[in-house]
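The following paragraphs lead through one protein structure, with attention to its pockets, its domains and some details of its backbone. The reader may wish to keep the sequence and the coordinates at hand.

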Amino acid sequence: MAKDTAPALGIRTLAVHAGQTPDPSTGAIATPISTASAYSYGDFDTGEQRFSGESPGYLYSRFANPTVAALEGKMAALEAGESAVAFASGMAAICSTLMALVSSGDELIHVGTLYGGTEGVMRTLLPRFGVHAIHVASASELQAAITDKTRLIFTETPDNPMLGIVDLAQTARIAQAHQILTVADNTFATPCLTRPLTLGIDVVVHSATKFIGGHGDATGGVVVASRALVDKIRGVGLKQFGGCLSPFEASLLIRGLKTLPLRVEAASLSAERIAWLLDEHPAVATVFYPGLPSHPGHAVARRQMSRFGALMAFELKGGKAAARTFLDSLALVTQAVSLGDTDSLACHPASTTHSAVAEDIRRQYGVTDGLVRLSVGIEDVEDLLRDIQQALDAL
Ligand SMILES: Cc1ncc(COP(=O)(O)O)c(C=O)c1O
């Protein structure tokens, strides 16, 4: 079949095959872990040409590494992007992207709720470098917030921890009309459920520590965008800040990616059932899950997500005391702050992930003392339902 008429490969095929070919010297199918920190360029002229960018080739592991490059290739294919660059953590990916794309005097708008770490960057780090960050609650408020200084719009959907949904196509349309760059944190949805670049977003960022790794044993971050934007972000984030991903972590993340579509589908199906259980329980005031028709972002989620994901938050009627009793009563679900793992994890955002967020902003976000966040894993759903039911019954 001619190449340009070949059908696009499915996400499960891409997750397994994209970005890797058997090692030419040994035939090894799994990408070898390349531990070299420096690569020989052989002679003077080749060295000069590689450093000037005139000829390709590895030089130094902080700039680029073959194992990390395999991960980057897989992520670019999964997100339908031209290029990708990996970092030592999600925060390194986010900060490198921001530092590469905004300068002193610029304004940035962030839409919806953000992960506490990212919110802290917007509120305390960027102002120190002369960048003014403005918060709006939804894409429909964007138009009014844009000024001639706005350079970038940042969003996260579904967001952490409220599972709010931002309309990415609408965000991209408004931004493009003003020639403003858009960045979307796709950690919660993963490319299995949403591909922001196909909706017009310019840059996708990930905490690879979550679903991409998926097994709670690797920390990393990834940015996917056009080649030109990725080159710029790589230049600042790796060459200047030096936040490079270890090849050992890259190897774990590549292995995690191979089962990403299977894990996300299994966990999302379980999450849908758990959300209904919570929704019907008298001890629960509100369930924040985009798959529930009562969720304010449900209609947009139906459009831009292929399933509703493995994350949810819910507000217990008894406030902090109820959250403590519920969490301490869980037997199978583990109390921890990460998410997207094979293991189901639950936490109390107000005292953990969002404890550093100022109380008024926390309240504005809806992160109350009775809020619990649940990341559904790939255990048998009947076991999870039983565990959650008994913890609710303890209230
Ligand atoms: C949505 C989101 N983005 C970014 C991050 C930061 O990622 P990392 O912990 O890998 O630095 C997190 C961490 O929880 C997150 O939830």
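**Pockets, domains and a loop**

In the second largest pocket, the lining residues divide into nine nonpolar, ten polar and two charged. The model examined here is a predicted one. This second largest pocket encloses about 430 Å³ of space. Its lining comprises 21 residues, and those nearest the centre of the pocket are Ala-137, Ser-138, Asp-159, Gly-164 and Ile-165. Both domains take part in the lining: domain 1 (11-258) and domain 2 (260-393) each contribute at least three residues to the second largest pocket.

The domains themselves are the next topic. The domain assignment of the protein gives two ranges, 11-258 for domain 1 and 260-393 for domain 2. A distance of 26 Å separates the C-alpha centres of domain 1 and domain 2. Contacts between them involve 44 residues of domain 1 and 41 residues of domain 2.

Asp-167 offers a view of such detail at the level of a single residue. Asp-167 is situated in the loop between strand S4 (150-156) and helix H7 (168-177). Is Asp-167 buried or exposed? Its relative accessibility is 14%, and buried means under 20%, so Asp-167 counts as buried. The side chain of Asp-167 forms a polar contact with the side chain of Arg-303, at 2.8 Å. When neighbours within four places in sequence are left aside, the residues in contact with Asp-167 are Ala-139, Val-300, Arg-303 and Gln-304.

The loop between S4 and H7 also holds several backbone features. Pro-158 lies in this loop, and the peptide bond that joins Thr-157 to Pro-158 is cis, with omega at about -10°. Pro-161 is likewise found in the loop between S4 and H7, and a cis peptide bond, with omega near 10°, leads from Asn-160 to Pro-161. Leu-163 belongs to the loop between S4 and H7 as well. The phi of Leu-163 is near 60°, a positive value in a residue other than glycine. Leu-163 counts as buried because its relative accessibility is 1%, given that buried means under 20%.

A positive phi also occurs in a helix. Thr-190 is not a glycine, yet its phi is positive, at about 65°. Thr-190 is found in helix H8, which covers residues 190-193. Which side of the burial cut-off does Thr-190 fall on, buried or exposed? With a relative accessibility of 1%, Thr-190 counts as buried.

It remains to describe the largest pocket. Its volume is about 500 Å³. The largest pocket is lined by 18 residues, and Gly-57, Phe-63, Ala-64, Arg-234 and Lys-239 are those that lie nearest its centre. By residue type, the lining of the largest pocket consists of eight nonpolar, five polar and five charged residues. Which helices supply at least two residues each to the lining of the largest pocket? They are helix H2 (44-52) and helix H9 (227-240). The largest share of this lining, six residues, is drawn from H9.

Methods:
Residues are numbered from 1 along each chain as its sequence is written. This is a predicted model: local features need pLDDT of at least 70, side-chain atom pairs count only at pLDDT 80 or more; totals for chains, interfaces and linings use all residues. Side-chain values use heavy atoms; hydrogens and water are left out. On a 1 Å grid over the protein atoms alone, a cavity is a set of points where a 1.4 Å probe fits but cannot get out, and a pocket is an open set with protein on both sides within 12 Å along at least five of seven lines; lining residues have an atom within 4 Å of a point. Grid points are joined across faces, edges and corners, and a volume is the space filled by probe spheres set on the points. Helices (H or I, at least four residues) and strands (E, at least two) are DSSP runs, numbered from the N terminus. Ala, Val, Leu, Ile, Met, Phe, Trp, Tyr, Cys and Pro count as nonpolar, Asp, Glu, Lys and Arg as charged, and the others, Gly among them, as polar. Domain bounds come from an automatic or database domain assignment. Buried means under 20% relative accessible area, exposed over 50%, partly exposed in between (1.4 Å probe, protein chains only). A polar contact is a pair of N or O atoms within 3.5 Å; within protein, one must be able to donate a hydrogen and the other to accept it, and residues adjacent in sequence count only if both atoms are side-chain atoms. Contact means heavy atoms within 4.5 Å.
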